[in-house]
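Me: I am new to this structure. Please pick one part for a close look, and then connect it to other places worth finding.

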Amino acid sequence: MASFPVYARYQVSTPAHNWRSTLLCPCRLPTQACRQWTARQATRSRSCARIQATASPVAEKQQKSGHAFKQSTHEQADKMQTQEAFVWIKHWYPLSLETDLDTQTPTPHTLLNIDMVIWKDGEGNWGACEDRCPHRLAPLSEGRIHNGNLACNYHGWEFDRKGACLANPQSGMLASDPVCKADKAKARAFPAQVAQGMLWIWPESGPHAWLESAMQAPVLVPEAADPNWTGSDAVPVFSTWRANWDLWMENTMDPSHVNWLHDGTAGKWEDAYPMKMRLLDNAVDAHKGFTVQHDGYSKTQNEAGLKVTRQYLPPCTNRYVYEYSNGRVDIFAIYFTPISPGVTRSFFKFVSQNPPKGFGLISKVPQWLFHNLSGSMSDQDAVMLHTQDYALREDPKHWRGYYLPSQADRAVAAFRVWLHEKAGGDVGWAKGATSADLPPKLSRDQLLSRWDRHTKDCASCKQVTLSISPDMSQDQCCLLVPIRCVTQV
C-alpha cells in the first residue's frame, strides 16, 4: 500500500451526518479511511500517533486520551490485517462479445496488460492462453487451430485450452510422452466462459485458478438477461477507449456531468440541478463494493420524481437503477474492463419496465445501425477523459489533488477509497506496469475514430463497412450521426 503524503488542510461544507462527506483529512482521504491507513502504519512505526493527530478532529481527541488512542489504533490494525484483500487476478472480466470472436482463427487480446490469444477448441469451448509459445516464445496468435487444438505456426507445437502440450513434431512426441508432459512444455492458460453473450476471462493460471474460478461466477446484472425486462434481448454495445480504467469508473459514477458535458445529446445546461447523493451504510467493501443513492440531477428528472441507486460490484460491474414516480424503471448494466494502462473496454446494456413508447423497437434495429447511433454521447467522454488521464498521472498528488466539496462527488470519493484502501491503490497490471505508463497521446480525430474504437472488432459493423466499400478508409468507416439520447446515465 502506498503511503499518503500530507498536504494543506481542506474542508467540505456538507451535512455532518456522513463522515465521508463532512471531513477529509490533510492527505485528502475521507477521515475514516485515513484512520484505517494510519492504523496499518501503526504496526510499522510508533510515530503513527503524530500522524493520526494531524489526520482529523476525531484523532485529536483520541490522542488526548493517551492509552485509549494507542489501544484503538492497534485494534484497527488487527482488524485490517484480518480482512481479505482484493486480488485483481482472482476475478472474472468480460473481454469480448462472443458474436465478435473468430471461431476459425486464434486472435490476440489483452487483459490486465497480459497478452493473450483466444480460440475455440474442437469441443466448442473457448480457450485463453498467454500469447507466447513455451518452446521459443513465438506468438500463438499467429498460429492456427489444428484438430481442435491451438497450434503454433513456428514449429507446430499444439496445446489444449488448459495449456497442456499435445504435440511436439520436432521430437515426434505426443501428449503421453514425457517431453510433452513436462511443466516447461505447458502454455500458460486462463479459465474462460461465456455469460450474457460476453466472453469472460479469469486472468490467473495454474491448477488453483481452474478450481477457484469454477467456484465463483462472473458478477452480472441479472435484469439484463431477464425476458421480463424490455430490451433484454438486445446485444450489449462495446467500445475500446484510450483512458485508464479508474477514470471511466469515475465518469459513470458522476451523473452530475451529464447536463454540462453532454449538452445537446443527453442533457441541457439550463436544466442542471444540484444533486443530493448519499453513501448507503457508509460502507465500502473490498468485494461487495459500495452503493450510493441520489435524486435527479436535472430539473426535468426531479419533476418526474426520479430516484437512482448506483451500485459498484468489483471488479468491473456497475448496476444503475432509475425509478420514476410513474412506475417506469430503467436499469443500466455497464462493465469496464482494464485492458492495459491507458486502455479500457466498456460493455453497455439498458433494459426497462414501463418504458417510453417505442423503446421496444430498439432491439429490432440492425445491430450495426444501433451501434452507430449510440456513440455521440461517448465521443464527448472520450475526449475529456483522455486529456484528464495525462493530467492526473502528471500531478504528484494524483487523485488527492481533487477537490470534492459537494454531495455529487460522494460516489467518486467512495470509489477512490475502494481503490486505495481495498485494492492496492492501482489496477493490478501485469509486467510491473502502472496506470501512469500511458501510451502516446492521441489527437482529437484519432480519439473519435470509430474504426479503432469499435468497428475493427465488431463483426456486424465491420461487415457492413466493407460491404459498402472495400476500399473505404478507416476514418470513414462509420458516419457519426448525432442523436438525442432517450435515456440518461
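Reply: A residue is called buried when its relative accessible area is under 20%, exposed when that area is over 50%, and partly exposed in between (1.4 Å probe, protein chains only). The model is predicted, so local features need pLDDT of at least 70 and side-chain atom pairs count only at pLDDT 80 or more, while totals for chains, interfaces and linings use all residues. Residues are numbered from 1 along each chain as its sequence is written, and side-chain values use heavy atoms, with hydrogens and water left out.

The part chosen for the close look is helix H8, which spans residues 245-253. Helices (H or I, at least four residues) and strands (E, at least two) are DSSP runs numbered from the N terminus. Nine of the nine residues of H8 are buried, so the helix is largely enclosed by the rest of the structure. Trp245, Asp246, Leu247, Trp248 and Met249 are buried, and Glu250, Asn251, Thr252 and Met253 are buried too.

Another buried place is found in a loop. Alanine 266 sits between helix H9 (258-261) and strand S14 (277-279), and counts as buried because its relative accessibility is 2%. Its C-alpha atom is 7.1 Å from that of methionine 377, although 111 residues separate the two along the chain.

Next comes a sheet. Five strands, in the order S5-S6-S7-S8-S9, form an open sheet with antiparallel pairing. Strand S5 (144-146) and strand S9 (173-174) stand at the edges with a single partner strand each, so one side of each has no neighbour in the sheet. Two strands pair if DSSP finds at least two bridges between them. Between S5 and strand S6 (residues 149-151) there are three bridges, in the antiparallel sense. Histidine 146 stands opposite asparagine 149 in S6.

Strand S8 (residues 165-168) holds asparagine 168. This residue is buried because its relative accessible area is 4%. Leaving aside residues up to four places away in sequence, asparagine 168 touches (heavy atoms within 4.5 Å) Trp157, Met173, Val179 and Cys180.

Two leucines can be read side by side. Leucine 137 lies in the loop between strand S4 (126-130) and S5, and leucine 112 is in the loop between strand S2 (107-111) and strand S3 (114-120). Leucine 137 has a positive phi of about 65° although it is not a glycine. Leucine 112, also not a glycine, has a positive phi of about 55°. Leucine 137 is exposed, at 53% relative accessible area, whereas leucine 112 is buried, at 0%.

A further loop feature is a peptide bond. The bond from proline 314 to proline 315 is cis, with omega near 5°. Proline 315 belongs to the loop between strand S16 (307-313) and strand S17 (317-323).

The last stop is glycine 432, in the loop between helix H13 (410-422) and helix H14 (444-447). Glycine 432 is exposed because its relative accessible area is 69%. Its C-alpha atom lies 9.3 Å from that of asparagine 113, with the two positions 319 residues apart along the chain.

To return to the part chosen at the start, H8 is buried at nine of its nine residues.
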